[in-house]
Amino acid sequence: MAEMGKGVSAGKIASNMQKKLTRAQEKVLQKLGKADETKDEQFEQCVQNFNKQLSEGSKLQKDLRTYLASVKAMHEASKKLTECLQEVYEPEWPGRDDTNKIAENNDLLWTDFHQKLVDQALLTMDTYLGQFPDIKSRIAKRGRKLVDYDSARHHYESLQTAKKKDDTKIAKAEEELVKAQKVFEEMNIDLQEELPSLWNSRVGFYVNTFQSIAGLEENFHKEMGKLNQNLNDVLVSLEKEHATGTYPIKAQPSDSTPAKANKTPSSPPDGTPITSPEIKAINHEPEPSTLETPGGGIPKSPSQSTEAASAGAEVAGKETAAGAGAAKTETDSGSASSSLPAVVVETFPATVNGTVEGGAPSERADMPPGFLFKVQAMHDYAATDSDELPLKSGDVVLVIPFDNPEEQDEGWLMGVKESDWLQHKELDQCRGVFPENFTERVQ
């Protein structure tokens, strides 16, 4: 059984190699003008329209995703803005409950708008573009079958015009010609019917898509306008009442009270120069470090910094989150003093597919010869020729170069499934061509 399996594999490899060699020879002869090429101007125009339609649809999908990302960003910005209003709106001010209700409705309106855009525009767009990969692969395959047909036709004609005719060879060549012509014409007829229909469908799709977006925007802005008018009315009422009413001012702790230590060092109330005792204690610098205002100030002595550190330690649990974050940032960066707020930046090693970049040079030692990059199948692909590689969604394929670059058709790659390579470590039995647009590059 094992020998039979090897025999089948060897026969398949030989058949694939013969097909590639025959196609390559035919293409060379056609380029040199030594062999005529079957042309179909009407079909070529359909292919041009198809490529244009695919390019336009892909751009529309990209721009639509950008638009949705912007809607989501505006939602977050609007939410934080209303949260800020709720925080500054004091309990005794009129209309506090109204502002809270407006904020809730604002959040719900943004969420509903984004979700409807996804359902009525983005998902429809994805479905529309989902039909292109299969048709594109069939167009490429038709091109290969056309080369096979031309090659069989030229071979049959050469045998008929030969001085010494061999009836057996002529009969076999004629049989191969009929078979190649049948395969090509079946694919050609199907595409001749589908491509014009697909091209005409774009008008209705664009109309429906943009009508949906326009209608959703109209309703959203109408409802948002009502909320903004309600908020404006609440704020006008607050302004009128504040002009005639009196609001108590809360007493601030005096300098003599212990609460003075609770103030955040990064924002002094009187503008005087300050020193951060917590930073001083951690950095262990030999000289005192101060943060001065533009007007200048007197640096604190080491003894003052020590006293400030003790006072800061007693009230560390009560410091604000902003002050604590600024102190930690400046300490970690090793900066003695700065007039700008420091930023904490956490760095992580870059990874690709779970592998840390910059690793040992032997990381690709187990890859096939000439390994270029990895791709992952996004759709299932059933091989329709002996030299093609069948794919299942999720398969990882190791892309390798063609032995003869002229054999590579546009939109097709040569590769071997990663699982097959790791198991067999042989290319001849495992490699094959597959449509590039069925995959996505992952490394």
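Lys-116 and Asp-112 share helix H3, which covers residues 96-129. They are 4 residues apart, about one turn of the helix. In this predicted model, their side chains meet in a salt bridge, with an N to O distance of 3.3 Å. General chemistry gives the background: side chains of opposite charge can pair when their charged atoms come close. Neither partner of the H3 pair is classed as buried, because burial requires a relative accessible area under 20%. Lys-116 has 35% relative accessibility and counts as partly exposed, and Asp-112, at 37%, is also partly exposed.

Helix H4, residues 132-160, holds a pair with this kind of spacing. Arg-138 and Asp-134 are 4 residues apart there, so about one helical turn separates them. A salt bridge links Arg-138 with Asp-134, and the closest N and O atoms are 3.7 Å apart. Asp-134 is partly exposed, because its relative accessibility is 38%.

Further along helix H4 come Arg-153 and Glu-157, again 4 residues apart and separated by about one helical turn. These two residues form a salt bridge as well, their closest N and O atoms being 3.8 Å apart. The two ends of this bridge fall into separate accessibility classes. Arg-153 has a relative accessible area of 14%, so it is buried. Glu-157 is at 35% relative accessibility and therefore counts as partly exposed. Elsewhere, salt bridges with shared partners join Asp-134, Arg-138 and Glu-194 into one network.

That network leads to helix H5, residues 167-244, where Glu-194 lies. Once neighbours within four places in sequence are set aside, Glu-194 is in contact with Ile-135 and Arg-138. Both of these partners fall within the residue range of helix H4, 132-160. Glu-194 is partly exposed, because its relative accessible area is 32%. The surroundings of Glu-194 also include a part of the chain that is remote in sequence: Cys-46 is 148 residues away along the chain, yet the C-alpha to C-alpha distance is 9.6 Å.

Helix H5 is also the place of Asp-190. With a relative accessible area of 37%, Asp-190 is partly exposed. Asp-190 belongs to a negative surface patch, which it forms together with Glu-185, Glu-186 and Glu-193. Glu-194 is not among the residues named in that patch; a residue in a salt bridge is left out of patches by definition, and Glu-194 is part of the salt-bridge network described above.

These local features can be set against the whole chain. The secondary structure consists of 9 helices and 7 strands. The chain has 443 residues, and buried residues make up 30% of them; Arg-153 is one of the buried residues. The count of salt bridges comes to 15, including the bridge between Lys-116 and Asp-112.

Contacts across long stretches of sequence can be put in figures too. Of the contacts between residues at least 6 apart in sequence, 70% join residues at least 24 apart. The surface that the chain exposes comes to about 28300 Å². Carbon and sulfur atoms supply 55% of that area.

Methods. Residues are numbered from 1 along each chain as its sequence is written. This is a predicted model: local features need pLDDT of at least 70, side-chain atom pairs count only at pLDDT 80 or more; totals for chains, interfaces and linings use all residues. Side-chain values use heavy atoms; hydrogens and water are left out. Helices (H or I, at least four residues) and strands (E, at least two) are DSSP runs, numbered from the N terminus. Buried means under 20% relative accessible area, exposed over 50%, partly exposed in between (1.4 Å probe, protein chains only). Contact means heavy atoms within 4.5 Å. Patches are made of residues with over 30% relative accessible area and no salt bridge: like charges are joined within 9 Å, nonpolar side chains (Val, Leu, Ile, Met, Phe, Trp, Tyr) within 5 Å. Accessible areas come from the Shrake-Rupley method with a 1.4 Å probe; for residues, only the protein chains shown count as cover. A salt bridge is a side-chain nitrogen of Lys or Arg within 4 Å of a carboxyl oxygen of Asp or Glu. Lys and Arg count as positive and Asp and Glu as negative; His and the chain ends are not counted. The place of a charge is taken as NZ of Lys, CZ of Arg, CG of Asp or CD of Glu.
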